Amino acid sequence: MNKNVLIKVKGIQGSLVEDDAIEMITTGQYFEKNGKTYIKYEDTALDEDVVTSTTIKIDTAQVSVLRFGATNTQLIFEKDQEHFTPYETPFGVFEIFLRTTDIQFHKEMDKVTLNVAYNIEVNHTGSIASNFQVEVTNQM
């Protein structure tokens with residue numbers, strides 16, 4: 001796989017049907033270092049005036065999502081583990097609790113896929129089943 005890639009990110013929360021999912025397609029970088037896989041990209045989804053840099057780090061049993069810019073946070077996903085993190089946004093800081101139920105990661109010669117299923121609780125308002133998917137392919 002090339003270092004410069006096309007990245008498709010899709011998020012589904014609660015009872016949303018597939019057609020109502022939040023989806024973004026962008027370009028970025030893909031690389032491996034010290035046995036870990038990294039996917040990096042920038043977006044302006046939360047604030048059109050501020051770029052948010054996102055790094056997804058995939059390890060054997062853990063996925064970390066680091067975001068800096070319009071939002072600043074580090075989300076950690078480990079199967080059957082619960083993690084707390086403050087989630088800083090332009091609208092304020094939210095308390096996020098994540099409990100990961102499944103992580104699927106597949107590497108092929110020209111494609112990488114990541115699927116993380118989890119429950120999220122924001123500011124103690126109740127847990128919502130959620131999922132995010134990342135697909136990485138070579139740029140044409």
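Student: What makes the ten strands one open sheet, and in which order do they stand?

Tutor: In this predicted model, where local features need pLDDT of at least 70, side-chain atom pairs count only at pLDDT 80 or more and totals for chains, interfaces and linings use all residues, the ten strands follow the order 6-5-4-3-2-1-10-9-8-7 with antiparallel pairing. Strands here are DSSP runs of E with at least two residues, numbered from the N terminus, and two of them pair if DSSP finds at least two bridges between them. Strand 6 (73-78) and strand 7 (82-89) each have a single partner strand, so one side of each is left without a neighbour in the sheet. Residues are numbered from 1 along each chain as its sequence is written, and side-chain values use heavy atoms, without hydrogens and water.

Student: How do you know that strand 1 and strand 10 pair?

Tutor: Nine bridges join strand 1 to strand 10 (residues 127-138), and pairing asks for at least two; one of the contacts is that of Val-5, whose bridge partner in strand 10 is Asn-138.

Student: Why is the space of about 890 Å³ called a pocket?

Tutor: The name applies because a pocket is, on a 1 Å grid over the protein atoms alone, an open set of points with protein on both sides within 12 Å along at least five of seven lines, whereas a cavity is a set where a 1.4 Å probe fits but cannot get out. Lining residues have an atom within 4 Å of a point, and 31 residues line the largest pocket, with Gln-13, Ile-22, Arg-67, Tyr-87 and Tyr-118 nearest its centre.

Conventions: Helix = DSSP H or I, 4+ residues; strand = E, 2+ residues; numbered from the N terminus.
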